[in-house]
Amino acid sequence: MAQAQSWARRCFKAFCKGFFVAVPVAVTFLDRVACVARVEGSSMQPSLNPGGSQSSDVVLLNHWKVRNFEVQRGDIVSLVSPKNPEQKIIKRVIALEGDIVRTIGHKNRLVKVPRGHMWVEGDHHGHSFDSNSFGPVSLGLLHAHATHILWPPERWQRLESVLPPERCPLQTGEK
């Protein structure tokens, strides 16, 4: 009987040690390195959720890649919604600071992206709440870079950073 209690006590201690090490490591990893997220809605069709409301893609979000706010035109990124800080949205980067972009339905036909900002749009124009609705987005709202589709299995793939030719900036702010 004493041997069983000793064994149970050792197991409990080992579990506690593992738990108190694993939880902070897991939380740090998910917060700083990468996590997964389900994509809802049709704003990124056909790149994400091509089946519409019947299916939702699950993507890998790489936090590490955007830690210095380095994004490229064509990247698919996750960001905090400028209109609702409780919500994360996923969009494609169309233009970076200094670029002049032709808008789709924005109050100004042409917009020069200010310093420290980016212009983001959904791939499904007309069905996307994006920079055409709220203007340039601060890089400080950047959350992660979407790198892979993980689910459903038949759609498992790397997400390429491709800028549609019709959405290229009219003038880039590159030096």
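The largest nonpolar core, meaning a set of buried Ala, Val, Leu, Ile, Met, Phe, Trp, Tyr and Cys residues joined through side-chain atoms within 4.5 Å, has 13 residues, of which Val71, Leu79, Val93, Met118 and Val120 touch the most other members. Buried here stands for under 20% relative accessible area, exposed for over 50% and partly exposed for what lies in between, with a 1.4 Å probe and protein chains only. Two or more residues of this core come from each of strand S3 (76-80), strand S4 (88-96) and strand S7 (117-121), and S4 gives the largest share, three residues; strands are DSSP runs (E, at least two residues), numbered from the N terminus.

This is a predicted model, in which local features need pLDDT of at least 70 and side-chain atom pairs count only at pLDDT 80 or more, while totals for chains, interfaces and linings use all residues. Residues are numbered from 1 along each chain as its sequence is written, and side-chain values use heavy atoms, with hydrogens and water left out.

In an unreviewed entry, UniProt lists Ser43 and Lys91 under "active site", an annotation that may be inferred rather than shown by experiment. They span 49 residues in sequence, yet no two of their C-alpha atoms are more than 8.0 Å apart, so they gather at one spot.

Ser43 is found in the loop between strand S1 (34-38) and strand S2 (58-62) and is buried, with a relative accessible area of 12%. Lys91, whose place is in strand S4, is also buried, at 4%. The side chains of Ser43 and Lys91 are joined by a polar contact of 3.0 Å, that is, a pair of N or O atoms within 3.5 Å, where within protein one must be able to donate a hydrogen and the other to accept it, and residues adjacent in sequence count only if both atoms are side-chain atoms.

Terms used
Helices (H or I, at least four residues) and strands (E, at least two) are DSSP runs, numbered from the N terminus.
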